[in-house]
Structures are given as structure tokens and as C-alpha cells.
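Work through the exercises below with the sequence and the model side by side. Each task is followed by its solution.

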Amino acid sequence: FLLLESIIDNYQNTYQENAALNSDKLSAVNIKPTPEFTSLVEKRKQELFNFKKATISLKDTIVKLEKIEIDGFNVKYYSELKEQTNNLISNIDFELQELESKINLIFSIQGHRLNEVMKTLTILSVIFIPLTFLAGIYGMNFENIPELKSENGYFILLGTMVVISIISIWYFKRKKWF
């Protein structure tokens, strides 16, 4: 019993030391969507899975020993050890859930940034595609385009392009996309 109790105490001390060392690096203030931070979180998760596996193995051993009847030894001592291992396992599970939520937050931040970039690219496309279309139409070498023979045709086309750009920008500002 004393041997198992010292092993469990050692597990708890080791867990608390590792948790204290990693709490600074993995705190909510330091969350950054970088590959280094994600790698650090995944490394910590792997450490916790290994630690949990060892703790569950120890708990299984305690459960097996609890079933053996020994004269002059009360089984309640084993249930106390089992409770300590359950507490340690629940602490590990809690930290694993925290790490999983940090990974989800990283993915959410990256998704938000990607959406912002896509929105910017879409706005620029909507502004410049009609202008490119008009430039393509009037860049053709056909004789029957009426504005080509007009004295102010060039300025009318430039004015139309400016009006289209202003209307597009006004619309996006009105929708608060820009």
C-alpha cells in the first residue's frame, strides 16, 4: 500500500511540475496561430496521453489488488488510492480538453483571417472585373463601335469606368464590407 501511495504521489508531483512548466508557454495570453505554438500544444497533448495511459494502468493494478483478500488489511486503503488515481485522471482529462479548445481557437482565428483575405479579394474583383470587361470591349478593332468615332468617346468610357468604381465602393461601404 505504501509503495503504491508513493508511486501515486510521484505521479501527481510529476504532473503538477509539468503542468506548471507548460502553463506559461500554453497560457491563453500566448495563443498564436503559428505552427510552433500548434506543435507545442500537440506535443503537450501527446505527453498527457502517455501520462494518462500510465495512470490508468496503475489504477487497473490497484483494482486488481483490491480484489485480493489479505488478512489484517483493510480494503478501504485501496479505494483511497483508487480515488487519488481517479482525481489525477480527471485532472489530465481537464487539461486535454483545455488543449483541444486552444487548438479549436487557433483554427477559428486562422479561418477568420482567411475569410478577411477572401473578402478583400472579392471586393477588388467586383470592382475591377467590370472595368476589365469594358476595356476588353473597347479594345477590339471593330469599325462599327459607335463611340470610337465620337470625339469624346474616350472620356465617356473613362467616366463610365469611374462611375462604376464609385458605385461599387459606395455599395460596399453601405453594406459595411469595406
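**Exercise 1: F128 and the helix pair**

F128 counts as partly exposed because its relative accessibility is 48%, where buried means under 20% relative accessible area, exposed over 50% and partly exposed in between (1.4 Å probe, protein chains only). The model is predicted: local features need pLDDT of at least 70, side-chain atom pairs count only at pLDDT 80 or more, and totals for chains, interfaces and linings use all residues. Residues are numbered from 1 along each chain as its sequence is written, and side-chain values use heavy atoms, with hydrogens and water left out.

Task: Place F128 in its helix and state how α3 and α5 pack.

Solution:
1. F128 lies in helix α3, which spans residues 76–138; helices (H or I, at least four residues) are DSSP runs, numbered from the N terminus.
2. α3 and α5 pack at an angle of about 165°, and their axes are 10 Å apart.
3. The pair is therefore roughly antiparallel (angles over 145 degrees count as such).
4. The C-alpha atoms of F128 and S168 are separated by 9.7 Å, with their positions 40 residues apart along the chain.

**Exercise 2: Y171 and K176**

Task: Is Y171 buried or partly exposed, and is K176 buried or exposed?

Solution:
1. Y171 sits in helix α5, residues 153–174.
2. Its relative accessible area is 35%, so Y171 is partly exposed.
3. K176 is found in the segment after α5.
4. K176 is exposed because its relative accessibility is 71%.
5. K176 also has a positive phi of about 60°, although it is not a glycine.

Terms used: Helices (H or I, at least four residues) and strands (E, at least two) are DSSP runs, numbered from the N terminus. Axes are lines fitted to C-alpha atoms, for helices over the stretch in contact, and angles run from 0 to 180 degrees between N-to-C directions. Angles under 35 degrees count as roughly parallel, over 145 as roughly antiparallel, 65 to 115 as roughly perpendicular and the rest as oblique.
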